[in-house]
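Here's a quick briefing to read with the model open beside you. Let's start with one residue and work outwards from there.

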Amino acid sequence: MAFALAVFMFSLSGIPLLAGFFAKLYVFLAAVKAGLWALAIVGTRQATAYGREAARRLATGLAANRVTIVSGLARGIDAIAHQAALEA
């Protein structure tokens, strides 16, 4: 149903159905070609001590190797990963 509604809305506005896909593909390929890498680290808001430490280590290691850490800025694992990336 959602897909049918999306197709209907795109057709009403005159936008080809795959226009969004090709635009995203173009941006993705340009980022890869430029060597820009990003990774989202997401998890629970009520993390265990092990989960917090694992997220911190993972984000620190990735950020130190020029991988952009993307965060939704939620409490818990997201916030820990984001803070560790900023400190790296």
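Serine 71 is buried, because its relative accessible area of 19% falls under the 20% cut-off. You'll find serine 71 in the loop between strand 2 (67-70) and helix 4. Keep in mind that this is a predicted model.

**Around serine 71**

- Leaving aside neighbours within four places in sequence, serine 71 is in contact with Asp78 and His82.
- Serine 71 also has a partner in space from elsewhere in the chain: valine 42 is 29 residues away in sequence, yet the two are 7.2 Å apart, C-alpha to C-alpha.

**Valine 42, on the other loop**

- Valine 42 sits in the loop between strand 1 (37-40) and helix 3.
- Is valine 42 buried or exposed? Valine 42 is exposed, since its relative accessible area is 61% and anything over 50% counts as exposed.
- Once neighbours within four places in sequence are set aside, valine 42 is in contact with Ile77 and Asp78.
- So Asp78 turns up twice, as a contact of serine 71 and as a contact of valine 42.
- Valine 42 and valine 70 are 28 residues apart along the chain, and their C-alpha atoms are separated by 8.9 Å.

**The chain as a whole**

- The secondary structure comes to four helices and two strands.
- Reading from the N terminus, the elements go α-α-β-α-β-α.
- There are 88 residues in the chain, and buried ones make up 17% of them; serine 71 is one of the buried residues.
- Take the contacts between residues at least 6 apart in sequence: 69% of them join residues at least 24 apart.
- The accessible surface comes to about 6900 Å², and carbon and sulfur atoms account for 69% of that.

**Helix 3 against helix 4**

- How do the axes of helix 3 (residues 49-64) and helix 4 (residues 77-87) sit relative to each other, and at what angle do they cross? They come within 8 Å and cross at roughly 35°.
- The crossing of helix 3 past helix 4 is right-handed.
- On the helix 3 side, the residues that meet helix 4 are Gly51, Arg52, Ala55, Arg56, Ala59, Thr60 and Ala63.
- On the helix 4 side, their counterparts are Ile77, Ile80, Ala81, Ala84 and Ala85.
- Ile77 has another link too, as a contact of valine 42.

**Salt bridges in helix 3**

- Side chains of opposite charge can pair when their charged atoms come close.
- How many salt bridges are there? The count comes to two.
- One joins the side chains of glutamate 53 and arginine 56, at 2.4 Å from N to O.
- Glutamate 53 and arginine 56 are three residues apart in helix 3, which is about one turn of the helix.
- Another joins glutamate 53 to arginine 57, at 2.9 Å from N to O.
- That pair also lies in helix 3, with glutamate 53 and arginine 57 four residues apart, again about one turn.
- Because these salt bridges share a partner, Glu53, Arg56 and Arg57 are joined into one network.
- Glutamate 53 counts as partly exposed, because its relative accessibility of 29% lies between the 20% and 50% cut-offs.
- Arginine 56 is partly exposed as well, with a relative accessible area of 37%, whereas arginine 57 is exposed at 59%.
- Arginine 56 also belongs to the helix 3 residues that meet helix 4.

**The nonpolar patch**

- Phe21, Phe22, Leu25, Phe28, Leu29, Val32 and Trp37 make a nonpolar surface patch of about 720 Å².
- Which element gives the largest share of the patch? Helix 2 (residues 19-33) does, with six residues.
- Leucine 29 is one of the patch residues, and its place is in helix 2.
- Leucine 29 is partly exposed, with a relative accessible area of 47%; that is over the 30% needed for a patch residue, so leucine 29 can be part of the patch.

**A backbone detail at arginine 66**

- Arginine 66 has a phi near 65°, which is a positive value in a residue other than glycine.
- Look for arginine 66 in the loop between helix 3 and strand 2.
- With 71% relative accessibility, arginine 66 counts as exposed.

Methods. Residues are numbered from 1 along each chain as its sequence is written. This is a predicted model: local features need pLDDT of at least 70, side-chain atom pairs count only at pLDDT 80 or more; totals for chains, interfaces and linings use all residues. Side-chain values use heavy atoms; hydrogens and water are left out. Patches are made of residues with over 30% relative accessible area and no salt bridge: like charges are joined within 9 Å, nonpolar side chains (Val, Leu, Ile, Met, Phe, Trp, Tyr) within 5 Å. Accessible areas come from the Shrake-Rupley method with a 1.4 Å probe; for residues, only the protein chains shown count as cover. A salt bridge is a side-chain nitrogen of Lys or Arg within 4 Å of a carboxyl oxygen of Asp or Glu. Buried means under 20% relative accessible area, exposed over 50%, partly exposed in between (1.4 Å probe, protein chains only). Axes are lines fitted to C-alpha atoms, for helices over the stretch in contact, and angles run from 0 to 180 degrees between N-to-C directions. A crossing is left-handed if the near helix is turned anticlockwise from the far one by less than a right angle, and right-handed if clockwise. Contact means heavy atoms within 4.5 Å.
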